[in-house]
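Got your viewer open and a selection box ready? Let's walk through this one stop by stop, picking residues as we go.

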Amino acid sequence: MASLFVIGNGFDIAHGIKSNYSDFRGYLIKTHQGVKVGDDYVPPVPEPTLLSEYYDENEVVEYIIYVINRHTTEEWSELESCLGEKIFPTLRSEMREIYIDEEEKEIHQAVCYNQDTSRSLRNVILKLKEFFYKWVNTTLSNLSDIKSDSEKNNILKKGKSYYLNFNYTNTLEKVYDIPDSRICHIHGKCGDPIEKIYFGHSNIIEPQEDPVYWGCEDDFFKLKELLRKDVEFALYSNQSFFDKLKGVDKIYPYGFSFSETDDIYTEKLISLFPDAQWYFNKYDYEEKNEVIKKMRQRVHISEDKPVW
């Protein structure tokens, strides 16, 4: 018999790690002195310098924050999911509307404008992934002041255990001395190359023709593709970890959000361990009643008193 711990961002937050998406937003502002942000500020679309694809970083940060602020909460709690479709009405509003009864010259000029602007928007919004990668490998990699919790230490190390870790930090390894061989960083970790840091939405992408904003379809389709978190490949590339999960009869989620973006992983665990008992913690019972209610219809939830 073995236990599987499903570790989400709440685990790091409980240790004082500033790993919320609101902290990422703060990092962007702090590391780009002088950026303008605010509900009333509408920045222009950043343009590249002549003969290059270089964009002023402060202008890029201003525009990214402006777009995301319009489509998620102030805490950026829905950052990943809003990258799938929600931000695109704002991006399309930067385009010129084109109608079939216009003069051919005007249509041509508008299409060219939309192509140039959508290309700039694609390049600008994609900078978000670069900034996120830098944040992971600077702010989130520093665990020097993080201490272990004795109660969590006892639970985490009790019996034969494995750890499905959705965090980018090395908290389990560095703070709790848990061997790498028992941990799967399903979305990558500090120090990994940028292509192994999984971040973004989980929508299925299909080509769409826009009946009004001609010229932007290709760049916006490509942007949606590049902002997608390839959860299917994340599962495939970590299959060796799931193969060694023999005899798991207890599953302990800690800080895992059970968001729509990551539902594929929940389904995977349910299919692998249909008879396992799930043990939610005190915070989940206090703050995630709806999640637990839905999960009761899918898994066996232990009626024991929460252990942490």
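Select Thr-90 and show what surrounds it: setting aside neighbours within four places in sequence, Thr-90 is in contact with Tyr-66, Val-67, Arg-70 and His-71, where contact means heavy atoms within 4.5 Å. Thr-90 sits in helix α5, residues 88-92; helices here are DSSP runs of H or I with at least four residues, strands are runs of E with at least two, and both are numbered from the N terminus. Thr-90 counts as buried because its relative accessible area is 3%. The cut-offs are under 20% for buried, over 50% for exposed, and partly exposed in between, with a 1.4 Å probe and protein chains only.

Before moving on, a word on what you're looking at: this is a predicted model, in which local features need pLDDT of at least 70, side-chain atom pairs count only at pLDDT 80 or more, and totals for chains, interfaces and linings use all residues. Residues are numbered from 1 along each chain as its sequence is written, and side-chain values use heavy atoms, with hydrogens and water left out.

Keep Thr-90 selected and add Leu-226. The two are 136 residues apart along the chain, and 18 Å separates their C-alpha atoms.

**Zoom out**

Switch to cartoon for the whole chain: you should find 14 helices and 6 strands. The C-alpha trace spans about 75 × 40 × 35 Å along its principal axes. Of the 308 residues, 48% are buried. Take the contacts between residues at least 6 apart in sequence, and 72% of them join residues at least 24 apart.

Now turn on a surface. The accessible area is about 16300 Å², and carbon and sulfur atoms own 48% of that; the areas come from the Shrake-Rupley method with a 1.4 Å probe, and for residues only the protein chains shown count as cover. Colour by charge and you get 38 positive and 54 negative side chains, with the centres of the two sets 9 Å apart. Lys and Arg count as positive, Asp and Glu as negative, and His and the chain ends are not counted. Each charge is placed at NZ of Lys, CZ of Arg, CG of Asp or CD of Glu.

**Salt bridges**

Side chains of opposite charge can pair when their charged atoms come close. The rule used here is a side-chain nitrogen of Lys or Arg within 4 Å of a carboxyl oxygen of Asp or Glu, and it gives 16 salt bridges.

Which residue pairs with Glu-80? Pick Lys-229: the closest N and O atoms of this salt bridge are 3.1 Å apart. Lys-229 is in the loop between α9 (217-226) and α10 (231-237), while Glu-80 is in helix α4 (residues 79-82), so the bridge ties together parts 149 residues apart in sequence. Both partners are buried.

Stay on Lys-229 and add Asp-262, another salt-bridge partner, again with closest N and O atoms 3.1 Å apart. Asp-262 belongs to the loop between β4 (248-254) and α12 (263-272), so this pair connects parts 33 residues apart in sequence. Relative accessible area is 1% for Lys-229 and 8% for Asp-262. Through shared partners, Glu-80, Lys-229 and Asp-262 form one network.

Next, select Glu-85 and Lys-224, whose salt bridge has its closest N and O atoms 3.1 Å apart. Glu-85 is in the loop between α4 and α5, Lys-224 is in helix α9, and these positions lie 139 residues apart in sequence terms. Glu-85 is partly exposed at 33% relative accessibility, whereas Lys-224 is buried at 6%.

**Last stops**

Jump to Thr-117 in helix α6 (residues 104-138). Is Thr-117 buried or exposed? Buried, because its relative accessibility is 9%. Beyond neighbours within four places in sequence, Thr-117 touches Val-45, Glu-94 and Met-95.

For backbone fans, check Asp-177: its phi is near 55°, a positive value in a residue other than glycine. Asp-177 lies in the loop between α8 (171-176) and β3 (183-185) and is exposed at 58%. Phe-258 also has a positive phi, about 55°, without being a glycine. Phe-258 is in the loop between β4 and α12, and at 16% relative accessibility it is buried.

Finish on the surface with Asp-39, Asp-40, Glu-74 and Glu-75, which gather in a patch of negative charge. Patches use residues with over 30% relative accessible area and no salt bridge, joining like charges within 9 Å and nonpolar side chains (Val, Leu, Ile, Met, Phe, Trp, Tyr) within 5 Å. Asp-40 is in the loop between α2 (21-30) and α3 (57-69) and is exposed, at 79% relative accessibility.
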